[in-house]
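Let's walk through this model together, starting where the chains meet and then moving to what lies inside them.

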Amino acid sequence: MWNYEKRLQCPVSIKKKCPKTAQFIISQYGGPDGELSASMRYLSQRYSMPYNDVGGLLTDIGTEELAHLEMICAIVHQLTDGITVDEAKTAGFDAYYIDHATGVWPQASGGVPFTATEFQSKGDVFADLVEDMAAEQKARATYENILRVLDDDDVRKPIIFLREREVIHFQRFGEALECVKSRLDSKNYYFFNPEFDKQMMPSQ
Amino acid sequence: MADKTQLLNEIYDTSFAINDLTLYLDTHPDDARALAEFHQLKRRRKTAMSSFEQEFYPLTVDCASDRENRWTWGDTPAPWKGEMTNVEL
């Protein structure tokens, strides 16, 4: 289960409204490499993970991703809360405004709704951990794309923090993958799946 | 009275360090130095959380209404509103 702590992982305090910025940052909530798909990916994959410590890592990172989507939503909310009708007509934000006003809803910046097809839970430890590492790199790249077009420091600071966390998570998943490899049967050099074919997991 | 921003900064700093160390310890469970640091940070966070709740408002439901006969959990500002303006991480 989860307990809620009433604060953000890293503070978000934005003074200047900007619906245009909100419209592209929302992608890190509901877009293809966003925080919602990150948390659902790790929290789904952990159930069939054959190693308790790797399941624990997926839980801890999946939990942190929930705190990240909360930060992204806080950024979107603060960039749009209290905007005028004229501001709502900003190119890019106008279509979003018609469906959601200033409510926060998970979609990609291009308008595609959040979908579970953005992530996998393959039931295969190698497929899953390699996907997780790729996911962290894709999210890092998206944050870098965002940072290139942002000049407001109030928005940049939390985005820089989130980008750094992708780097750390990539590192931790890489360590978990190496650890899983080291526990395989020495004849299993093609990485048959120990998650389903339990005989491939002699160390347990 | 304790300084609110100073306490919040301590809470944000120690909590983040604990988050990060947790992931590190998940893949390096035998690192004694990291473990010692984890224990130290945990103590600091606990002290700061408890002082903050006594002086201001609860951040977790465990401490809600500890000193009062009314429900205080709703007194805590919504985290997404950006009211913790002076806190830096």
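The contact between the two chains draws 18 residues from chain B and 28 residues from chain A; two residues are in contact if their C-beta atoms, placed from the backbone, lie within 7 Å. On the side of chain B that touches chain A, there are nine nonpolar, seven polar and two charged residues. Here Ala, Val, Leu, Ile, Met, Phe, Trp, Tyr, Cys and Pro count as nonpolar, Asp, Glu, Lys and Arg as charged, and the others, Gly among them, as polar.

Please keep in mind that this is a predicted model, in which local features need pLDDT of at least 70 and side-chain atom pairs count only at pLDDT 80 or more, while totals for chains, interfaces and linings use all residues. Residues are numbered from 1 along each chain as its sequence is written, with chains lettered from A and ligands numbered from 1 in the order in which they are written. The predictor gives the complex an ipTM of 0.94 and a pTM of 0.95.

Now look inside. The largest nonpolar core (buried Ala, Val, Leu, Ile, Met, Phe, Trp, Tyr and Cys residues joined through C-beta atoms within 7 Å) has 42 residues, and A:Ile25 and A:Val76 are among those with the most contacts inside it. Buried means that 20 or more other C-beta atoms lie within 10 Å of a residue's own. Helix 4 of chain A (52-80) gives the most to this core, with 12 residues; helices are DSSP runs of H or I, at least four residues, numbered from the N terminus. A second, separate core of eight residues includes B:Ile11, B:Tyr12, B:Met49 and B:Phe52.

Conventions. A residue is buried if 20 or more other C-beta atoms lie within 10 Å of its own, exposed if 12 or fewer, and partly exposed in between; C-beta atoms are placed from the backbone. Helices (H or I, at least four residues) and strands (E, at least two) are DSSP runs, numbered from the N terminus.
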